[in-house]
Amino acid sequence: MTKLFITGGAGFIGSAFVRLLLNERPDVELINFDALTYAGNLDNLADLESKRHHFVRGDIVVREDVLANLPQDCDAIINFAAESHVDRSIASAGEFLRTNIIGTQVLLDAARERNVRRFVQVSTDEVMGSLPEDDLSYFTEDSPFAPNSPYAASKAAAEHFVRAAHHTFGVDTVITRCGNNYGPRQFPEKFLPLTISNAMHNDTIPIYGDGLNVRDWIYVDDHCRGILAALEKGKSGSVYNLGARNERKNLEVVHSLLDTLGKPRTLLNFVKDRPGHDRRYAIDPSLAETELDWRPLESWESGLAKTIDWYQQNPTWIERTRSGAYQDYYKNQYGVEVRTT
Ligand code: NAD
Ligand code: TDX
């Protein structure tokens, strides 16, 4: 059996990765170690009945808990656990430093102490900052670090510690950097599920600034297959950018969603811009395509259709997450009222 320790596996991307592993790797047994913060949701794992999946509630910052739950002869730690929302990091950065930086170092120390064979850090294109609008530049693995938000700064710091563990102590590490994910089970504070959920409730949809910021969207399962390829085929000490060559302006995204849902554009509510709002992300995934033999399978159209369908088929999931903690945040930050019922 291949033994894996997955952190953050009750969140959006981590739970998709766990599902992928259980479906496609019959020799994998895994510990899913997650603190169940506001973003962690056991509903995301409810359909998984495999005896090869062991959920443990635990905090990656607490060394004793990590060591107590790390399997003997662990083949890899894959670190998804993070505070992941840029707006929250602008409101308050403390938890981002704690989980994203200190938690990553705790896991690296545990990997070294227990001779874990590989450490995969799930990172983000945001560590490389913002690209100029409407040109042909892309983020490559060699682009300089230029994190602009506290979230991005915490993920960049984490990457530095991963790199240091590799160079100083010889830990076998791989870092993946991805753009904006979309798909089922994404907490509806993020732009795409917020738009779908608000539109379904006929609530207004906050658009920051002029709505012309560009993001490079990838379907979550494609991202997860890229992480799996990096785990299995990545070169030790490497970084891989994972992207679907799918740049979209925010207004284009929201128009597609509203049109598909049959909702009017009058729901758009232009609000003040996010402080330090990055203008454009765009990923060059050539290295991952060549070295990992990885390609996204989903088109934007097929991915959006699957995503919308999932939210429409799972109203209970949306109601439960909407009654979570994000409404106050929107009200304070952007003056936007979001109903909870
Ligand atoms: P998410 O917010 O949906 O899930 C994060 C998970 O981590 C939650 O289940 C939460 O309970 C858990 N967690 C938080 N703090 C923890 C702690 N101290 N100990 C243990 N568990 C803890 O996030 P996501 O969107 O699934 O992102 C997963 C990873 O992918 C993150 O590292 C994020 O930076 C990265 N990433 C996300 C995107 C995106 O578009 N969502 C893009 C690129 C990279
Ligand atoms: O209400 C909104 N209105 C709006 O206009 C929200 C929540 C967002 N936006 C804009 C801001 C961004 O330009 O939409 C775009 C996407 O915003 P988010 O969903 O907050 O994502 P982003 O800030 O781009 O970061 C995401 O991608 C990189 C993830 O949240 C990160 O975890 C990941 O690392």
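A polar contact is a pair of N or O atoms within 3.5 Å; within protein, one atom must be able to donate a hydrogen and the other to accept it, and residues adjacent in sequence count only if both atoms are side-chain atoms. The structure is a predicted model, in which local features need pLDDT of at least 70 and side-chain atom pairs count only at pLDDT 80 or more, while totals for chains, interfaces and linings use all residues. Residues are numbered from 1 along each chain as its sequence is written, chains are lettered from A and ligands numbered from 1 in the order in which they are written, and side-chain values use heavy atoms, with hydrogens and water left out.

**Figure 1. Surroundings of Asn241 in strand 10.** Strands (E, at least two residues) and helices (H or I, at least four residues) are DSSP runs, numbered from the N terminus. The side chain of Asn241 comes to 3.4 Å from the backbone oxygen of Thr140. Asn241 is buried, with a relative accessible area of 0%; buried means under 20% relative accessible area, exposed over 50%, and partly exposed in between (1.4 Å probe, protein chains only). Neighbours within four places in sequence set aside, Asn241 is in contact with Met128, Phe139, Thr140, Glu141, Arg177, Ile283, Asp284, Pro285 and Ala288. Contact means heavy atoms within 4.5 Å.

**Figure 2. The open sheet of seven strands.** The strand order is 3-2-1-4-5-6-10 and the pairing is parallel; two strands pair if DSSP finds at least two bridges between them. Strand 3 (53-57) and strand 10 (238-242) are the edge strands, each pairing on one side only. From one strand to the next, the twist averages 20°. Axes are lines fitted to C-alpha atoms, for helices over the stretch in contact, and angles run from 0 to 180 degrees between N-to-C directions.

**Figure 3. Strand 2 and its partners, strand 1 and strand 3.** Strand 2 (residues 28-34) pairs with strand 3 in the parallel sense over five bridges, and Leu30 has His53 of strand 3 as its bridge partner. Helix 1 (residues 12-24) packs on the sheet, where it touches strand 1 (2-7), strand 2, strand 3 and strand 4 (76-79). The direction of helix 1 makes about 165° with that of strand 2. Six bridges join strand 1 and strand 2, also in the parallel sense; Lys3 is paired there with Glu29 of strand 2. Six of the seven residues of strand 2 are buried, so strand 2 is largely enclosed by the rest of the structure.

**Figure 4. The open sheet of three strands.** The order is 7-9-11, with mixed pairing. Strand 7 (180-182) and strand 11 (247-249) each have a single partner strand, so one side of each is left without a neighbour in the sheet. The twist here averages 50° from one strand to the next. Strand 9 (residues 214-219) and strand 11 pair in the antiparallel sense over three bridges, with Asp216 opposite Glu247 of strand 11. Helix 8 (residues 250-261) lies across strand 9 and strand 11 and runs at about 80° to strand 11.

**Figure 5. The shell around ligand 1.** Ligand 1 is surrounded by 28 residues, the closest being Ile13, Asp34, Ser84, Tyr151 and Lys155; a residue counts as near a molecule or strand if one of its heavy atoms lies within 4 Å of it. Oxygen atoms of ligand 1 take part in two of the pairs shown: one at 3.1 Å from a polar backbone atom of Phe12, and one at 3.0 Å from a polar backbone atom of Thr37. A nitrogen atom of ligand 1 lies 3.0 Å from a polar backbone atom of Ile60. On its own, ligand 1 has 840 Å² of accessible area, and the protein covers 96% of this. Accessible areas come from the Shrake-Rupley method with a 1.4 Å probe; for residues, only the protein chains shown count as cover. Strand 5 provides the largest share of the shell, three residues.

**Figure 6. The shell around ligand 2.** Among the 22 residues surrounding ligand 2, the closest are Glu126, Tyr151, Arg215, Arg274 and His277. An oxygen atom of ligand 2 is 2.6 Å from an N or O atom in the side chain of Glu126, and one is 2.5 Å from such an atom of Tyr151. The protein covers 95% of the 660 Å² of accessible area that ligand 2 has on its own. Strand 8 gives the most to this shell, with three residues.
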